[in-house]
Amino acid sequence: MPHDVLLAAVIGPHGLKGEVRVKTFTAVPNNLAAYGPLHTKDGRTLTVSDVRAVKPDEAVARFAEIIDRHASEALKGIELFVTRAALPAANNEEFYHADLVGLRAEDTEGRTVGTVTGIHNFGASDVIEIARHDGDMVMLPFTREVVPVIEIEAGRLVIAAPEGVEAETKGFVE
């Protein structure tokens with residue numbers, strides 16, 4: 001299970017007093033402060049002292065450690081994480097995308113297709129990325145039809161792959 005979960009990314013400064021605009025990856029943007037201090041890839045810790053939603057996936061946040069616009073400008077592009085342990089347990093039939101990374105992807109016959117390396121959303125819908133053992137990457141729609149079984153405790157998920165993305169043969173998804 002991954003140790004860090006991406007909660008937000010700093011878009012840029014907001015105003016003169018050190019606030020920043022952030023793209024949030026939480027269900028509710030105001031939840032950015034709900035999981036304790038955030039940290040960056042380089043190890044900095046940021047404590048959310050105020051957050052207010054401005055769009056469904058965007059908020060304005062103030063960090064206790066950032067006191068002016070100059071400091072907030074330096075955060076542009078920074079990703080903000082929490083440890084996976086800081087998040088509440090997922091309910092039955094729910095999961096965090098981060099929990100899927102590293103799972104073995106199998107086809108409906110039980111043959112290994114590869115390993116899940118990420119879940120992405122490029123604007124249309126979620127896409128699951130799978131690294132095949134031959135080094136190729138496969139990206140498929142992350143839907144119930146394509147991924148009908150997810151067993152996090154067993155370390156696997158099942159891919160009902162379209163023709164051309166089978167475990168034993170190489171192919172392209174068209």
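This passage goes through the overall build, the nonpolar cores and the pockets of a predicted model.

To start with the overall picture, the protein has 174 residues, and 36% of them are buried. Its secondary structure is made up of 13 strands and just two helices. Laid along its principal axes, the C-alpha trace covers about 55 × 30 × 30 Å. Of the contacts with a separation of 6 or more, 49% are between residues 24 or more positions apart. As for the surface, about 9,900 Å² is exposed, and 52% of that comes from carbon and sulfur atoms.

Turning to the interior, the largest nonpolar core brings together 20 residues, with V22, L32, L38, F63 and L80 making the most contacts inside it. Five strands each put at least two residues into this core: strand 1 (4-14), strand 2 (19-24), strand 5 (48-55), strand 6 (58-63) and strand 7 (79-83). Strand 1 chips in with the largest share, four residues. F63 gives a good idea of how the pieces meet. Leaving aside residues up to four places away in sequence, F63 touches V20, L38, L46, T47, V48, S49, L75 and L80. Two of these partners, L38 and L80, are also listed with F63 among the residues with the most contacts inside the core. Another core, of 15 residues, lies apart from this one, and its members include V116, I130, V138 and F142.

Then there are the pockets. The largest pocket holds about 840 Å³ of space. A set of 26 residues lines it, and V5, L6, F25, H97 and A98 sit nearest its centre. Strand 1, helix 2 (97-100) and strand 9 (112-121) are the elements that each supply two or more residues to this lining. Strand 9 is the top contributor, with five residues. Strand 1 therefore turns up twice in the account, giving residues both to the largest core and to the lining of the largest pocket, where strands and helices are taken as DSSP runs. Sorted by class, the lining of the largest pocket comprises 15 nonpolar, eight polar and three charged residues.

The second largest pocket has a volume of about 190 Å³. Its lining draws on N91, N92, E93, E94 and F95, together with R144, P148, V149, I150, E151 and I152. By class, that lining splits into five nonpolar, two polar and four charged residues. The charged residues here are E93, E94, R144 and E151, while N91 and N92 make up the polar pair.

Terms used
Residues are numbered from 1 along each chain as its sequence is written. This is a predicted model: local features need pLDDT of at least 70, side-chain atom pairs count only at pLDDT 80 or more; totals for chains, interfaces and linings use all residues. Side-chain values use heavy atoms; hydrogens and water are left out. A nonpolar core is a set of buried Ala, Val, Leu, Ile, Met, Phe, Trp, Tyr and Cys residues joined through side-chain atoms within 4.5 Å. Buried means under 20% relative accessible area, exposed over 50%, partly exposed in between (1.4 Å probe, protein chains only). Contact means heavy atoms within 4.5 Å. On a 1 Å grid over the protein atoms alone, a cavity is a set of points where a 1.4 Å probe fits but cannot get out, and a pocket is an open set with protein on both sides within 12 Å along at least five of seven lines; lining residues have an atom within 4 Å of a point. Grid points are joined across faces, edges and corners, and a volume is the space filled by probe spheres set on the points. Accessible areas come from the Shrake-Rupley method with a 1.4 Å probe; for residues, only the protein chains shown count as cover.
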